[in-house]
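Let's take a walk through this structure from the outside in. Have the sequence and the 3D view open as you read.

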Amino acid sequence: MTASDPRPPGPAEGTQPEEADRLRALLRSAGYLKALVFCALMGIPVSLVAFWFLVTLHELEHLMWSALPGALGWDAPPWWWPLPLLLVAGVAVGFVVTRLPGGGGHIPASGLHTGGISARALPGVILAAVISLPLGATLGPEAPLIALGGGLALLFRDLARVPATAQSTALLGAAGAAAAVAVIFGSPLVAGVLLIEVAGVGGPQLFAVMLPALLSSGVGSLVFTGFGRWTGLDAPSLSVKVGVPLPRLDAGDVLWAVPMAVAIGGLMHLIMRGGRTTARFIARRRPVTRTTLCALGAGVCAAVYGLTTGRSPANVASSGQGTLSEMAADPHAWGAGALIAVVLCTSVAYTLCLGSLRGGPVFPSLFLGCAVGVLLAPLPGLGVVPGMAAGMAAATTSALRLPVSSIVLVVLVLGSVAMTPVVILSAVVAFVTTQLLPPGPVVRPRSDPAR
């Protein structure tokens, strides 16, 4: 561009055409088309295995927490029930981590960045998850599912004798993980967005561009919604009426979302940092003994909750998925004392399990955020549903450090886009809060015992 050139500055000439030509060439290449077909076919067995893996976990959890107590004459698990179960889980997972290839999968305190999982590590990943989750770990099944899907994809590649390259490994691993994790989240959209962020596509620059865009879109939606309500005028937008009454956002909901996100971001940062500290504590010496102690400590948290509130200790000794549904369906059934107890006990149990047992960090963070939102709902001007939405968005974003995935997940969990502005605002504020706090210790994966 010269001094007399009226055109505004922009990207270098030829950059966009070159990128478009490169993309067209890639899509036309026989190798890439074969990879697409292989990924589509591979998604069938991976999703089936993931389905039966989840069914197995559900049936084992029902056996341990409903059928077995009922057979022994209890209507619900007694307060001490988590203690023997998590004692067994700690011992068994400790042996899996130290004796089997792959160390039972990644440490949950690392988030969802599971890294590459080889096919030979799959038995340890499956066994550690099957031991941890039904016996009361305060973790979810999503991380083992990601590892299972990625590992199966690479196994099928080897069975089909497809050439193994760095590009094919990354592509097939991501595709297999997405096929598996779509089962638990109930939507391929969440799986796709999640894997993009977990893979770090775009690097830090992605977040630098994405956060202002998310924040401005959330604020813009609030302005349009509020201004239209205040003036009585209607600006046309693309929307679908679902035919059911939805709560409306008020100024109080928006104002409370910011300090809530800061506070929840700080809490979740402490929990994740505590989980990494727990993992380092276990790795120093006698990992089986220390894993057992941490798992038993999580059992004590669940037992204390059951003893002090009279509620089921499974509210703490679980992923929180079932309790989250109950709380969302009838939040007024939870008194302030029960909410405080479940937040405190779940936070400590979650911290211990993040560094010791095997599972994923998503479901407990959703539950904690929901519980904090319901607890704070009596604040003047804050509604129950906006409080839940803001709490879940802030907690999930802080735990995963994946703001877009967390926003999509929370909106889909709520089943409505009505809370989207508050969800976006809370997620962005929580993400910035956690990024500005000291990062804490780094979790280093345990060396493969088979090597």
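Before we start, one term: helices here are DSSP runs of H or I that hold at least four residues, and they are numbered from the N terminus. With that in hand, helix α5, residues 142–159, is the element that gives the most to the lining of the largest cavity, with three residues. We'll come back to that cavity shortly. Keep in mind that this is a predicted model.

**The overall picture**

The chain has 16 helices and zero strands. Of its 451 residues, 49% are buried. About 21,500 Å² of the chain is exposed, and carbon and sulfur atoms supply 68% of that area. If you look at contacts between residues at least 6 apart in sequence, 78% of them join residues at least 24 apart.

**The core**

Which residues have the most contacts inside the largest nonpolar core? They are Phe185 and Tyr350, in a core of 117 residues. Helix α12, residues 336–356, gives the most to this core, with eleven residues. Leaving out residues up to four places away in sequence, tyrosine 350 touches a long list of partners, among them Thr138, Met268, Pro361 and Ala399.

**Empty spaces**

The structure holds two cavities of 30 Å³ or more. Here they are side by side, by volume and by the classes of residue in their linings:

| Cavity | Volume | Lining by class |
|---|---|---|
| Largest cavity | about 60 Å³ | five nonpolar, five polar and one charged residues |
| Second largest cavity | about 30 Å³ | five nonpolar, two polar and no charged residues |

Eleven residues line the largest cavity, and Gly104, Gly105, His106, Val125 and Pro144 are the closest to its centre. The second largest cavity is lined by Phe185, Val190, Leu194, Leu400, Ser405, Ser406 and Leu409. Two elements, α7 (188–199) and α15 (403–414), each give two or more residues to that lining, and the largest share, three residues, comes from α15. Phe185 turns up again here as a lining residue of the second largest cavity, having already appeared among the residues with the most contacts inside the core.

There is also open space to look at. The second largest pocket holds about 670 Å³. Its lining has 28 residues, and His58, Glu61, Ser319, Gln321 and Gly322 lie nearest its centre. The elements giving two or more residues to this lining are α2 (30–71), α6 (166–185) and α11 (321–329). Helix α2 provides the largest share, seven residues. Sorted by class, the pocket lining has 13 nonpolar, twelve polar and three charged residues.

**Two residues on helix α9**

Now zoom in on helix α9, which spans residues 251–284 and includes aspartate 253. Is aspartate 253 buried or exposed? Its relative accessibility is 3%, so it counts as buried. Beyond residues up to four places away in sequence, aspartate 253 touches Arg248, Gly381, Leu382, Gly383, Pro386 and Val422.

Methionine 260 also has its place in helix α9. Methionine 260 is buried because its relative accessible area is 3%, and the cut-off for buried is under 20%. Setting aside neighbours within four places in sequence, methionine 260 is in contact with Gly373, Leu376, Leu382, Gly387, Ala390 and Gly391. Leu382 is therefore a partner of both aspartate 253 and methionine 260, given that contact means heavy atoms within 4.5 Å. And what about serine 426? It sits 166 residues from methionine 260 in sequence, with the two C-alpha atoms 7.7 Å apart in space.

Notes: Residues are numbered from 1 along each chain as its sequence is written. This is a predicted model: local features need pLDDT of at least 70, side-chain atom pairs count only at pLDDT 80 or more; totals for chains, interfaces and linings use all residues. Side-chain values use heavy atoms; hydrogens and water are left out. Buried means under 20% relative accessible area, exposed over 50%, partly exposed in between (1.4 Å probe, protein chains only). Accessible areas come from the Shrake-Rupley method with a 1.4 Å probe; for residues, only the protein chains shown count as cover. On a 1 Å grid over the protein atoms alone, a cavity is a set of points where a 1.4 Å probe fits but cannot get out, and a pocket is an open set with protein on both sides within 12 Å along at least five of seven lines; lining residues have an atom within 4 Å of a point. Grid points are joined across faces, edges and corners, and a volume is the space filled by probe spheres set on the points. Ala, Val, Leu, Ile, Met, Phe, Trp, Tyr, Cys and Pro count as nonpolar, Asp, Glu, Lys and Arg as charged, and the others, Gly among them, as polar. A nonpolar core is a set of buried Ala, Val, Leu, Ile, Met, Phe, Trp, Tyr and Cys residues joined through side-chain atoms within 4.5 Å.
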